[in-house]
Amino acid sequence: MENSKYLNYIDEKADVITDVSDKIWGYAELSLMEYKSAKLYCEVLKKEGFRVETPVCGIETAFKAVYGSGKPVIGILAEYDALSGLSQEAGSTKRKELVAGGSGHGCGHNMLGAGSMAAAFAIKKYLEEKGEGNGTVIFYGCPGEEGGAAKAFMARDRVFKELDAALTWHPDDVNQVATGTCNSCIQTEYKFTGVASHAAGAPELGRSALDAVELMNIGVQFLREHMPEAARIHYAITDAGGNSPNVVQPHAQVLYMVRSMLAKEALELQARVDKIAEGAALMTETTVKKRFIDGCSNTVPNKVLETLLWKKFAEVGVPSYTEEELQYAQGLVDSYEMPTDKLPGSMTYESHELKKFVDEASNHAKKPLNDFLIPYFYSEKQGAGSTDVGDVSWLVPTAQINTVCFPSKAPGHSWQNVSCGCTSIGHKGLLTAGKVLAAAAMELFEHPEVLGAAKAEFEEKTAGGYFCPVPDDAVPTVVGDSM
């Protein structure tokens with residue numbers, strides 16, 4: 001394989017790379033609080049010879065690590081935040097918390113960052129031998145994907161405009177090139193303030209903030225009838241005003257999430273939700289303050305880059321597994337509370353041929369680990385979820401892959417994922433991802449016509465312009481912090 005000696009460097013550094021993944025798995029730091037994780041990355045990258053800059057855009061746990069000079073400039077994206085309530089013992093097929101009520105890497109971002117770092121290591125080795133002026137690699141430490149959307153804030157400040165292309169990946173239960181698009185998303189917190197009073201003795205003197213929250217929620221329910229079919233609105237009451245029913249609640253708070261395909265559409269829908277909040281405050285004679293939490297745009301698929309990633313994925317190959325690994329994965333599969341017969345793969349049901357391939361390769365979805373690469377299938381289908389990778393893709397050609405790091409059909413954001421994320425299965429998946437991303441990046445350095453085609457496709461698809469969902473005055477915010 002072309003440039004295989006640089007991919008072998010990932011194997012040489014495998015202990016360092018997987019050690020970073022396992023340490024960050026243990027840190028299990030929540031969004032925008034990944035201080036130990038960011039520090040570890042900066043230390044390891046400096047030792048490897050990268051020029052490290054931190055913070056980025058005023059975000060304390062964001063950083064950039066740069067190697068090389070000249071064009072093209074290829075970006076590799078990393079994440080490293082965990083999820084609350086998912087503390088779990090590694091390698092266990094039963095639910096066993098390490099820390100009661102603690103956090104865990106249920107989305108595998110410990111592996112995501114380490115696998116991206118593996119790619120950066122190999123690209124750096126390649127550029128080192130090519131010499132000055134032959135290209136640049138930038139490894140971006142992007143915190144808060146689960147709640148904070150750091151990439152969107154960085155995109156607002158046009159950080160990624162310095163790139164010619166961006167590559168990334170995500171742990172999954174399948175080996176595939178990610179395609180299609182997703183929803184844009186905006187999170188906003190509404191805090192209502194009223195007047196406390198004795199609910200029985202002087203109810204006329206009280207002004208209930210909880211009433212305002214409930215009226216807002218009712219108003220949004222009626223809005224659902226008059227919004228685009230693919231749009232979504234979710235909410236959570238984060239402060240119900242206290243535990244005493246005989247006190248008129250003087251404060252209450254609700255967190256809203258508005259989704260639509262395009263950021264422009266989500267912003268329009270968000271404005272309507274804002275009006276409902278103002279109306280609820282008027283009806284209850286309370287006041288309302290809103291605070292932007294985060295927002296992200298839909299992804300712009302790039303067929304040129306996706307085709308390149310699949311080509312390199314096929315050359316690199318997929319991991320194989322020991323009998324012990326297969327038995328462990330089967331134990332996790334057997335632990336699912338809501339098992340499904342659905343075949344793995346995000347685009348499997350979009351093509352009869354693809355469905356037939358996956359059905360046979362997965363042994364009718366019975367394999368505990370999917371040890372095959374799904375054929376590439378380009379799509380612009382809209383998925384329901386959201387990711388701040390979307391904002392990067394509106395500024396620069398972007399593409400991503402998935403590799404097997406979890407057992408087949410593992411529930412998203414689950415303790416099973418946490419358990420598997422600090423095992424040899426996870427290690428194999430992240431090292432494979434690093435090799436695929438590095439191989440694709442090296443081809444972009446050596447074949448400017450491929451990069452040119454990716455840019456031409458990008459320019460055509462983004463001709464309408466980028467509508468950043470992050471206001472100019474917004475700052476990254478941890479949900480629950482006081483206004």
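A residue counts as buried when its relative accessible area is under 20%. In this predicted model, Ile293 has a relative accessibility of 0%, so Ile293 is buried.

**Strand E10 and the cysteines**

Ile293 belongs to strand E10, which covers residues 287-296. Along the chain, Ile293 and Glu2 are 291 residues apart, and 45 Å separates their C-alpha atoms.

Cysteine pairing can be treated briefly. A disulfide requires two cysteine sulfur atoms within 2.5 Å. By this rule the model has zero disulfides. Cys296 takes part in none, as its nearest cysteine sulfur, in Cys185, lies 5.1 Å away. Cys296 has a relative accessible area of 8% and is therefore buried. For Cys468, the closest cysteine sulfur is that of Cys296 at 10 Å, which is too far for a bond.

**The second largest pocket**

The second largest pocket has a volume of about 220 Å³. It is lined by 14 residues, and those closest to its centre are Thr188, Lys290, Arg291, Phe292 and Pro471. Two or more lining residues come from each of strand E7 (184-193), helix H7 (263-284) and E10. By class, this lining holds seven nonpolar, three polar and four charged residues.

**The largest cavity**

Over the whole structure, a search finds two cavities of 30 Å³ or more. The largest cavity encloses about 90 Å³ of space. Residues that line the largest cavity include Gln176, Val177 and Thr179, together with Gly345, Ser346, Met347 and Thr348. Leu354, Ile374, Pro375, Tyr376 and Phe377 also belong to the lining of this cavity. The classes here are seven nonpolar and five polar residues, with no charged residue.

**Strand E3 and its partners**

Strand E3 spans residues 73-78, and six of its six residues are buried, so the strand is largely enclosed by the rest of the structure. Both of its faces are covered. On one side the buried residues are Val73, Gly75 and Leu77, and on the other they are Ile74, Ile76 and Ala78.

E3 pairs in the parallel sense with two strands, E4 and E5. The pairings are set out below.

| Partner of E3 | Residues of partner | Bridges | A bridge pair |
|---|---|---|---|
| E4 | 135-141 | six | Gly75 with Ile138 |
| E5 | 165-172 | three | Ile74 with Ala165 |

The two bridge pairs in the table involve residues on opposite sides of E3: Gly75 is on one side and Ile74 on the other. E3 and E4 are also joined in a right-handed β-α-β unit, in which the helix is H4 (residues 109-130).

**Asp81**

Asp81 sits in the loop between E3 and H4. Is this loop residue buried or exposed? Its relative accessibility is 2%, and because the limit for a buried residue is under 20%, Asp81 counts as buried. The C-alpha atom of Asp81 is 11 Å from that of Gly141, a residue 60 positions away along the chain.

Definitions and conventions:
Residues are numbered from 1 along each chain as its sequence is written. This is a predicted model: local features need pLDDT of at least 70, side-chain atom pairs count only at pLDDT 80 or more; totals for chains, interfaces and linings use all residues. Side-chain values use heavy atoms; hydrogens and water are left out. Helices (H or I, at least four residues) and strands (E, at least two) are DSSP runs, numbered from the N terminus. Buried means under 20% relative accessible area, exposed over 50%, partly exposed in between (1.4 Å probe, protein chains only). On a 1 Å grid over the protein atoms alone, a cavity is a set of points where a 1.4 Å probe fits but cannot get out, and a pocket is an open set with protein on both sides within 12 Å along at least five of seven lines; lining residues have an atom within 4 Å of a point. Grid points are joined across faces, edges and corners, and a volume is the space filled by probe spheres set on the points. Ala, Val, Leu, Ile, Met, Phe, Trp, Tyr, Cys and Pro count as nonpolar, Asp, Glu, Lys and Arg as charged, and the others, Gly among them, as polar. Two strands pair if DSSP finds at least two bridges between them. A crossover is right-handed if, with the strands pointing away from the viewer, the path from the first strand over the helix to the second runs clockwise.
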